[in-house]
Amino acid sequence: MDAPEWWRNAVTYQIYPRSFADGSGDGVGDLPGVTARLPYLRDLGVDAIWLSPFYTSPQRDHGYDVADYRDIDPLFGTLADADELVERAHEHGLKLIVDLVPNHTSEEHVWFQAALAAGPGSPERARYLFRDSVDDNPPNNWKSVFGGPAWTQVPDGQWYLHLFDSSQPDLDWRNPEVGDMFVDVLRFWLDRGVDGFRVDVAHGLFKVETLRDQVRAEAEEPVRGASAGESMVELTEVDEPMWDQPEVHEVYRRWHEVLAKYEGDRMMVAEAWTQTPESMARYVRPDEFSQAFNFAWLLAPWSAQAFSDVITGTLAAVEPVDASPTWVLSNHDVVRHTTRYGGGAAGLARAKAATLTMLALPGSAYVYQGEELGLEQVEVEPEFRQDPLWVRTGEPGRDGCRVPIPWSGTAAPYGFGPGTGQPWIPQPDDWAELTVEAESADPDSTLSFYRAALAARRTFATTAGDDIELLDLGDDVLAFRRGPVTVVLNCGAEPVALPSGEVLMASGPVDTELPADTAVWLT
Ligand code: NOJ
């Protein structure tokens, strides 16, 4: 039998380039910074890297507003730096996937500039969703994920749709030119050797053709099914004429064929905030995406029952389409899981326990830079906030999970770049014990825990199969057996008796009992 595709059991580390490592000393992370830190990622024990966007961009949404899909923003380096990064990553045995942003371009993309210049009714406008006013109002009642109306008016009176910031106009995927352009972009990066794509807003490309109003209760504020932060996301059944339309799957079938022509299991993972596990599973049918992020796991509260429900629902949804499940607890859009679980020592204990549980589940896991150090969400001072969500709504936004990584030393910038210049968001004064350097020297650190857990995972993850057996150890306890490993997570307030077995890994101290907020792998 052929070996399973590499991504089925991979642990992928998400890098947010502007906040990972600064090679140039301008206070913003860059590609040479990432290349220099590849040995760190290899030693951490991950299998792959996902890089958030590094393309030419005015950075209104930190690169999720792309002006040129085939070039690197000077802030992050050059195409030669990208080639170097791909090559070095492969030399270190790491796969590398890049972010693709097909729902919208930047307002600075040549297509949008041409659309503005060409005027109503032109083929240039037909690549985007320009519409006339309706009774002096925007064409419909849709709201931007980042707050405010989803339409902006241009001087000649027409409006264009932007489900995110006004600097991110949505493309019209019913126009074949758009699809053809993205196939070229896929090939451009596949030819350069990338192992796959994380596809941004994968559920958003097609809108209901009539662009009819969204039906919603009067008082209801945020648009749901969105991806801009935990507080904005509720996976409930709501009317969503802008998300998850059936036509979108044709795009991914075409892309699947493009990838299949390349050597080496190239893959695609969908960022699709759909409403149910079943709708998520439609994106991972055998001829579409390889994987989709499982946001239900990240949204689950600290509850054994909630975790158990997500696991059962996820496995049941992906099994009929023969897809491998995925698990994720943090990314650049949500409050870090240490903080979501309460912060402080208890928050960290829970975060490690949830991570250990995730790393034993079938399928693959995604970890976000800095979680291996136990970083918490940072309260960023308003003058440093840059998230368009903050700009449009006055809500704190997502900058607090994007604070530059502390590498070494005892004061900011903690080795983030050469010299002593401050990074683009100031780091907290109390991070001296959370640097990679400090944690590497401490066998009890969060980093040492991640390294040990990832090493222990390698002993069974690829061979233990995709089935689990849930065990009943009480209401506050999530327990399951997968292959040779029994996993027990105590979400309650009291210690619980452990089943017999050798401790392979634990997220905190254990003896014959498993303390609260702790998980263990037994063999
Ligand atoms: C999802 C990305 O993860 C987020 O950071 C971005 O703001 C939106 N998509 C818009 O591209």
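**Exercise 1. Decide whether strand β13 is enclosed or open to the outside, and say why.**

Step 1. Strand β13 covers residues 364-368, and five of its five residues are buried. Buried means under 20% relative accessible area, exposed over 50%, and partly exposed in between, with a 1.4 Å probe and protein chains only. Strands (E, at least two residues) and helices (H or I, at least four) are DSSP runs, numbered from the N terminus.

Step 2. Take the two faces in turn. S364, Y366 and Y368 are buried on one side, and A365 and V367 are buried on the other.

Step 3. Because five of the five residues are buried, β13 is largely enclosed by the rest of the structure.

Before going on, note the basis of these values: this is a predicted model, in which local features need pLDDT of at least 70, side-chain atom pairs count only at pLDDT 80 or more, and totals for chains, interfaces and linings use all residues. Residues are numbered from 1 along each chain as its sequence is written, and side-chain values use heavy atoms, with hydrogens and water left out.

**Exercise 2. Find the strands that pair with β13 and place them in the sheet.**

Step 1. Two strands pair if DSSP finds at least two bridges between them. Strand β1 (residues 11-15) meets this with four bridges to β13, in the parallel sense. Within this pair, Y13 has V367 as its bridge partner.

Step 2. Strand β12 (residues 326-328) is also parallel to β13, over three bridges. Here W327 stands opposite A365, and V328 stands opposite Y366.

Step 3. The open sheet has eight strands with parallel pairing, in the order β11-β10-β9-β5-β2-β1-β13-β12. β11 (291-292) and β12 are at the edges with a single partner strand each, so one side of each has no neighbour in the sheet.

**Exercise 3. Describe the surroundings of the ligand.**

Step 1. A residue is near a molecule if one of its heavy atoms lies within 4 Å of it. There are 14 residues around the ligand, and D61, R198, D200, H332 and D333 come nearest.

Step 2. Sort the shell by class: four residues are nonpolar, three polar and seven charged. In this scheme Ala, Val, Leu, Ile, Met, Phe, Trp, Tyr, Cys and Pro count as nonpolar, Asp, Glu, Lys and Arg as charged, and the others, Gly among them, as polar.

Step 3. Look for polar contacts, that is, pairs of N or O atoms within 3.5 Å; within protein, one must be able to donate a hydrogen and the other to accept it, and residues adjacent in sequence count only if both atoms are side-chain atoms. An oxygen atom of the ligand lies 3.0 Å from a side-chain N or O atom of R198. For D200 the corresponding distance to a ligand oxygen is 2.7 Å, and for a polar side-chain atom of D333 the distance is 2.5 Å.

Step 4. On its own the ligand has 300 Å² of accessible area, and the protein covers 100% of this. Such areas come from the Shrake-Rupley method with a 1.4 Å probe; for residues, only the protein chains shown count as cover.

**Exercise 4. Locate N103 and Q214, and state what their side chains contact.**

Step 1. N103 sits in the loop between β5 (95-100) and α4 (110-118). Its relative accessibility is 0%, so N103 counts as buried. The N103 side chain makes a polar contact of 3.0 Å with the side chain of D170.

Step 2. Q214 belongs to the loop between β9 (196-199) and α6 (248-260). With a relative accessible area of 5%, Q214 is buried. Its side chain reaches the backbone oxygen of D239 at 2.8 Å.

**Exercise 5. Examine the backbone at P413, Y414 and Q59.**

Step 1. The peptide bond from A412 to P413 is cis, with omega near 10°. P413 is in the loop between α12 (388-393) and α13 (436-440).

Step 2. Y414 is found in the loop between α12 and α13. Y414 is not a glycine, yet its phi is positive, about 50°. Its relative accessible area is 1%, so Y414 is buried.

Step 3. Q59, in the loop between β3 (55-56) and β4 (68-72), also is not a glycine and has a positive phi, near 65°. Q59 is buried at 12% relative accessible area.
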